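Hi,

Here is the model I said I'd pass on. Have a look at it first, and my notes follow underneath.

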Amino acid sequence: MDTDFFWIYDIPPAKLALLSIAVFVGFYWLGLIFIRPILRQFVKNTPAANDIVGYILSCFCVFYGLLLGLIAVTAYQNVSEAGSNVTREAAALSALYEDVSRYPEPHGQNLRWLLRDYTRYVIKYAWPLQQRGIIPEEGTIRAEAFNDRLLDFEPRTPAQEILHAEALRQFNHFLECRRMRLFSVKSALPGSMWYVMILGSILTIVMCWMFDMKFIAHLALGGILASYLGTMMYLIIDMNQPFRGDVSITPEAFETLYRRMNED
Amino acid sequence: MIPEHPMASRRGGVSRRQALAHGTAATLAAARALAPSLFVGCSLGIRSGGTTVPVGLLHSQTGTMAISATSLRDIELHAIEQINGSGGLLGYQLEAKAPDPRSRPDLFAKRATQLLEAGVVAVFGCWTSVSRKAVLPIFEQYKKLLLYSVQYEGNESSKYCVYGGSVPNQQIMPAIDWLTGPDGGSKKKIFLLGSDYVFPRTANFITKRYLASKDLRPAGEVYLPLGHRDFTAAVQQIIFSGADCVLNTVNGASNLGLFQALADAKIDPAKLPVVSTSIAEDELRSLLPHQVQGHYAVSSYFQSLDTAANRQWIDGFRSEFGSDRVTGDPMEPDWCLVHLWKAAVEKAGTFETEAVRQAFRDGLSFAGPGGTVRLDPKTQHCTRYFRVGRIRADRQFDIVHQSDAPIDPDPYPQIAFPGWSCDWTKGGITRGPEVSIDGDI
């Protein structure tokens, strides 16, 4: 699920869920019609075939369910961690803004102006790029511009020395948080997990095809199972990348900060 | 009637085959009906690549020129956001690409090449003449437009450059007229102080020629490296020269050092005013008011210009970038230049360079915050007003003089470059005798 599939995230969430369910149910139903008659040949003469398939499926589903559950939790933790990074970066930026507000003019105004510029860039330009899975680069230039100007300041009193040291410390903390946000833009479940998940879904469906039951009942019960598998898959796809999809991180922390910066 | 297959099972009167046929038909019908709405909003990658057009913004965001140049990037972003907000240009959204050349001419050339290779349709950029001259050959090679909005020294005209700022006959020569006239205090001893690069050297060459035409000579002439901060010795030279005025072509953060040295030497602006060509409201933010108050700047635009169009423009910029942001000379021409380019693209119906240049030939005009400007198709320069501002304690200017109408551009003033002219509607540049800028007059 890397950039090759980024178009998936352009689909509105409700439609993506519907699409995921439709793919799974469609696969189940088509297999029921075209593949099941072949598969049934393997078990049709086996006594109590439904019981055997049922036992194997139950056993398999325990492992597969556990896997799906763990992956869903991991994906959610990724989103949650990236969200924390964003909040920490905004908080560090806010603290830095407070620090430089106490600098003598014109340094203070210049530094505040650069931080506002950075915040505006993150909201207006970086976020849309992140939502497309692209790491925004021009924020680095803005951070460097601030660093340049911060280092231009030469403290003249002990109080200014303390303030400057604190601003430098806060700036380094901000840089750390910023770097973590950028790393999380590309964070996603590894490809091998996706292969195992998709294989598990296919095997679950294949085993269901082996049950001997009335066709309409098979369509209905299998459809229900496949639709839930599709829903689970949608949930994991949606949470897979922290800045994409419905369950994603918004720039709200930066927007709140920018509003406050402009009120000053 | 087709006989029922012996293996066919009954499902409430419907055979399995019929159920399959109906089910398949219903599934296909549902898929066909849902597909269009399902994929509405899904760009399949086309949106990001297909409906945006990249535009380059080449301004130093770090280094000695950052203090000035960053505001140009911001006003260009503001203009682009406004164009995009009103539906884009020719149906395309403009995508700004703004690398940082770090105030280094070599990096300007490198970044310009990178931008052009990335497929930008035009580049708005550069502040210093040295940076502009470093990138112009690259634009000529790639046959793309550079749109340059800062006042400069003239003596140049490129087929692939559109100049939005003032040239000497629109800024420095009127400034000399004003200074030597009664309104400017009838000054006779003008000291020329500049950063050591193309603009100050050429501007002062023209100044010396122009002063000579008035039977005047400069009281002195000093150049210091770009980025230089210690002006103590230069200020001593000014004092010892007996100058009654300083024409300041120092650029960038060096002005901090200059005005610090002037203040340390207790120079009284009423007796020895400094008239700056490259200081606008944005630069004043970094200068201490008590050091600069009473000195002058010559420009085509000041934020304090009291017109409805100007107030509206300032409000728009501040609502986006913060209420303490200021506007100034290169920003206003830059805004006009973006809109003149937009008008040319709309007129051409394409982003293609030659078609856009062709559209310039009709002499496009734009009602900017500082007044209406017209793009002169012969020189690819803009008409500009001339204004003199006296620096106030609140880091703004009192406009003490203004030209009656916009002045037509002349990148080759005949007093300095006899025989030289340019007309891009005909053959381009007409060359006169070679002129040595460093030659004595």
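Let me start with a small spot in chain A: Ala48(A) sits in the loop that links helix H2 (36-43) to helix H3 (49-101) of chain A. Its phi is near 50 degrees, which is positive even though the residue isn't glycine. Ala48(A) is exposed, as just 9 other C-beta atoms lie within 10 Å. Do keep in mind that this is a predicted model.

Chain B has a residue to set beside that one. Ser103(B), in the loop between E4 and helix H4 (105-117) of chain B, has a phi near 65 degrees, again positive and again not a glycine. Is Ser103(B) buried or exposed? It counts as buried, because it has 25 C-beta neighbours inside 10 Å and the cut-off is 20 or more.

Back to chain A as a whole. It has nine helices and zero strands, so to speak a plain run of α-α-α-α-α-α-α-α-α along the sequence. The radius of gyration of chain A is 27 Å, well over the 18 Å that the globule rule gives for 264 residues, so the chain is more spread out than a compact globule. The C-alpha trace spans about 95 × 30 × 25 Å along its principal axes. Of the 264 residues in chain A, 33% are buried. Among its contacts with a separation of 6 or more, 80% are between residues 24 or more positions apart.

Now the strands of chain B. Strand E3 (residues 52-58) and strand E4 (residues 93-97) of chain B run parallel and are joined by five bridges, with Gly56(B) opposite Lys97(B) in E4(B). To get from E3(B) to E4(B) the chain goes through helix H3 (residues 66-85) of chain B, in a right-handed β-α-β crossover.

There is another parallel pair in E8(B) and E9(B), with five bridges between them. Here Ser195(B) faces Leu224(B) in E9(B). The connection from E8(B) to E9(B) runs through H7(B), and this β-α-β crossover is right-handed too.

H7(B) deserves a look of its own. This helix (residues 198-213) has 16 residues and reaches 23 Å from first C-alpha to last, close to the 22 Å expected at 1.5 Å a residue. Its buried residues include Phe199(B), Phe205(B), Ile206(B), Tyr210(B) and Leu211(B). What do the buried residues of H7(B) pack against? Their partners are helix H5 (129-142), helix H6 (172-180), strand E8 (190-195), strand E9 (220-224) and strand E10 (245-249) of chain B. Just after the helix, Asp215(B) takes a positive phi of about 60 degrees.

Finally, confidence. The predictor gives the complex an ipTM of 0.78 and a pTM of 0.82. Chain B averages a pLDDT of 88, and 88% of its residues score at least 70. Within chain B, strand E6 (residues 145-148) has the highest confidence at 98, while helix H2 (residues 46-50) has the lowest, with a mean of 42. Two stretches of chain B stay under 50: residues 1-12, with 10 contacts beyond four places in sequence, and residues 34-49, with 15 such contacts. Where pLDDT is low, the predicted coordinates shouldn't be read in detail.

Cheers

Technical notes
Residues numbered from 1 in each chain as written. Chains lettered and ligands numbered in written order. Predicted model: local features only at pLDDT ≥ 70, side-chain atom pairs only at ≥ 80, totals over all residues. pLDDT = per-residue confidence, 0-100. Helix = DSSP H or I, 4+ residues; strand = E, 2+ residues; numbered from the N terminus. Contact = placed C-beta atoms within 7 Å. Expected span 1.5 Å × (residues − 1). Buried ≥ 20, exposed ≤ 12 C-beta atoms within 10 Å, placed from the backbone. Rg over C-alpha atoms; globule rule 2.2 N^0.38 Å. Pairing = 2+ DSSP bridges. Right-handed = clockwise from strand over helix to strand, strands pointing away.
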